[in-house]
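Visitor: I am new to this structure, and I would like to look closely at a single part of it. Please take me slowly through the surroundings of the ligand.

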Amino acid sequence: MRKDDLMNNLASVEERVAAACKRAGRDRSEVTLIAVSKTKPVEDLQVIYDQGVREFGENKVQELTGKIPELPQDINWHLIGHLQRNKVKYIVDKVKLIHSVDSYRLAEEINIQAKKHNITVPILIEVNAANEATKFGVKLEETKQLCEEISHLENVRIKGLMTIAPNVVVPEENRAIFHKIKVLSVDIAEENIDNVDMRIISMGMTNDFEVAIEEGATHVRVGTAIFGERNYNI
Ligand SMILES: *Cc1c(COP(=O)(O)O)cnc(C)c1O
């Protein structure tokens, strides 16, 4: 995409994030914008980086590990897509946050690999809030228990929840889903589980990030509105 278009897109997303914060009576600093760069060339990421963005999200391990050496080393990478256990070892020491943990077995593998590197790895629990058959994520009613189980893994730290809301025509339709995640987050925080905090709520994408911010998102994952439509055929 042309540099000007990328810069304009980013400015417009930034404006909308700020406006949503304002409507919700929240400070802009409470919301982190993650630029979701999957399928996009590193040149496009560099343009967004040059505008000051340091948080980037990718959903495939191979694409992520390919891009890391091509770009500045102070980027904070977010793994936001489904993660297979056999790929954990390639990214565990390279990402700021893994958003998509939805099973004990996956957390266990992250723990094993984290130990090898002598690090603790921050993760989010992915919740399938609308209970969609096509989506990964743990059920709302099973989330608390999964947090408790994972909390015993020494080298993993739960930092909050993540959800991918349904693909709706009117973003307002997802408000109730986002609200449910916020309520669940408060509920789990009140349990005071050792090693578990609920500071992060990762929700909201191009279609619905403003509603997500109004409902308490701390991290929004925006791809298309910044980088343009994705073409999976090239
Ligand atoms: C692709 C993707 C996004 C960004 O989607 P857009 O609609 O392009 O903003 C956000 N979160 C996840 C998990 C994704 O895979």
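Guide: A polar contact here is a pair of N or O atoms within 3.5 Å. With that cut-off in mind, and remembering that this is a predicted model, we can begin at G223, where a polar backbone atom lies 2.8 Å from an oxygen atom of the ligand. The side chain of T206 also takes part, for one of its N or O atoms is 2.5 Å from a ligand oxygen, and R230 brings a polar side-chain atom to 2.8 Å from an oxygen atom of the ligand. Of the 390 Å² of accessible area that the ligand has on its own, the protein covers 91%. The place where the ligand sits is the largest pocket, and the residues that surround the ligand are V36, K38, N59, I80, I164, M205, T206, R221, V222, G223, T224 and R230.

For a second view, we can turn to the loop between α1 (3-23) and β1 (32-36), where R26 lies. R26 counts as buried because its relative accessibility is 16%, and buried means under 20%. Its side chain is joined to that of E30 by a polar contact of 3.2 Å. Once neighbours within four places in sequence are set aside, R26 is in contact with C21 and V31, and also with I213, G216, A217 and T218.

Technical notes:
Residues are numbered from 1 along each chain as its sequence is written. This is a predicted model: local features need pLDDT of at least 70, side-chain atom pairs count only at pLDDT 80 or more; totals for chains, interfaces and linings use all residues. Side-chain values use heavy atoms; hydrogens and water are left out. Helices (H or I, at least four residues) and strands (E, at least two) are DSSP runs, numbered from the N terminus. Buried means under 20% relative accessible area, exposed over 50%, partly exposed in between (1.4 Å probe, protein chains only). A polar contact is a pair of N or O atoms within 3.5 Å; within protein, one must be able to donate a hydrogen and the other to accept it, and residues adjacent in sequence count only if both atoms are side-chain atoms. Contact means heavy atoms within 4.5 Å. A residue is near a molecule or strand if one of its heavy atoms lies within 4 Å of it. Accessible areas come from the Shrake-Rupley method with a 1.4 Å probe; for residues, only the protein chains shown count as cover. On a 1 Å grid over the protein atoms alone, a cavity is a set of points where a 1.4 Å probe fits but cannot get out, and a pocket is an open set with protein on both sides within 12 Å along at least five of seven lines; lining residues have an atom within 4 Å of a point. A molecule sits in a cavity or pocket if more than half of its atoms lie within 2 Å of its grid points.
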